[in-house]
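This report covers a helix and its packing, the cysteines, the aromatic rings and a few single residues. The sequence and the structure come first.

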Amino acid sequence: MVDFKNLFSELFELDDAMDKYSWIIDYGSNSSALGIQYRTEENLVRGCTSPLWLAKETSGNIAAWGSSSIVHGIACMICDWYNKATEDQRSGFSLNTLESLGLAPLLSMGRQNGVANLIARIKLL
């Protein structure tokens, strides 16, 4: 069982919103991105403010790639956690989870809608 807050403890130790943005962007930059062969119309997550692709790779892991650095970072965090989480944790995960952790306020309403769509799409894979 892996706790989202514990997995990304460095982020939650930061107080300043700009430091949190930088951490998320760096996380995305240093993460394995979804392979270009998966960036198809079928794998595009609808309702995001910027293009975001999500797919289950041949390894069985769920991965994402977004054209926006902040969206890419958040998506990579969610995918990395999801790949390690238990089924019970996965089923209970939602935008409310991120809100309770204090991450949702970092995102505009449009981006929050996109993250909600990302989470819903992950649960279908």
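## Cysteines

A disulfide is counted where two cysteine sulfur atoms lie within 2.5 Å. In this predicted model, the sulfur of C79 has its closest cysteine sulfur in C76, at 6.6 Å, which is too far for a bond. The same holds from the other end: for the sulfur of C76 the closest cysteine sulfur is that of C79, 6.6 Å away and too far for a bond. The count of disulfides is therefore zero under the 2.5 Å limit.

Both cysteines have low relative accessibility values. C76 is at 2% and counts as buried, and C79 is at 1% and also counts as buried.

## Helix α3

Helix α3 runs over residues 17–29. With 13 residues at 1.5 Å a residue, the helix should span 18 Å, and the distance of 18 Å between its end C-alpha atoms agrees with this. K20, W23, I24, Y27 and G28 are the buried residues of α3. They cover an arc of only 135° around the axis, so they lie on the same side of the helix. An α-helix has 3.6 residues a turn, so residues three or four places apart point the same way.

M18 and S29 are exposed on the other side of α3. The buried residues of α3 pack against two helices, α2 (9–12) and α4 (69–84). At the N-terminal end, α3 is capped by D16, with a side-chain oxygen 3.1 Å from the backbone nitrogen of M18.

## Glycine in α4

G73 belongs to helix α4. Its relative accessible area is 0%, so G73 is buried. Leaving aside residues up to four places away in sequence, G73 touches I24, Y27 and G28. These three are among the buried residues of α3.

A pair of C-alpha atoms gives a distance across the fold: G73 and Q37 are 20 Å apart in space and 36 residues apart in sequence.

## Aromatic rings

How many aromatic pairs does the structure hold? The number is nine. One of them joins W81 and Y82 in an edge-to-face arrangement, with 6.3 Å from centre to centre and 65° between the planes. W81 is buried, at a relative accessible area of 3%. Y82 counts as buried too, at 8% relative accessibility.

Ring pairs also link residues into a cluster made of F4, F8, W23, Y27, W81, Y82 and F93. Of these, W23 and Y27 are buried residues of α3.

## Two asparagines in the loop after α3

N30 and N43 both sit in the loop between α3 and β1, where β1 is residues 52–56. Is N30 buried or exposed? At 68% relative accessibility, N30 counts as exposed. The C-alpha atoms of N30 and W53 are separated by 17 Å, with the two positions 23 residues apart along the chain.

N43 has a relative accessibility of 12% and counts as buried. Which residues does N43 touch, not counting residues up to four places away in sequence? They are Y38, L52, W53, L54, A55 and R121.

Technical notes. Residues numbered from 1 in each chain as written. Predicted model: local features only at pLDDT ≥ 70, side-chain atom pairs only at ≥ 80, totals over all residues. Heavy atoms only, no water. Helix = DSSP H or I, 4+ residues; strand = E, 2+ residues; numbered from the N terminus. Expected span 1.5 Å × (residues − 1). Buried < 20%, exposed > 50% of the residue type's maximum accessible area, 1.4 Å probe, protein only. Arc of directions from axis to C-beta. Contact = heavy atoms within 4.5 Å. Polar contact = N/O pair within 3.5 Å; in protein donor to acceptor, adjacent residues only side chain to side chain. Phe/Tyr/Trp six-rings, centres within 6.5 Å; stacked < 30°, edge-to-face > 60°.
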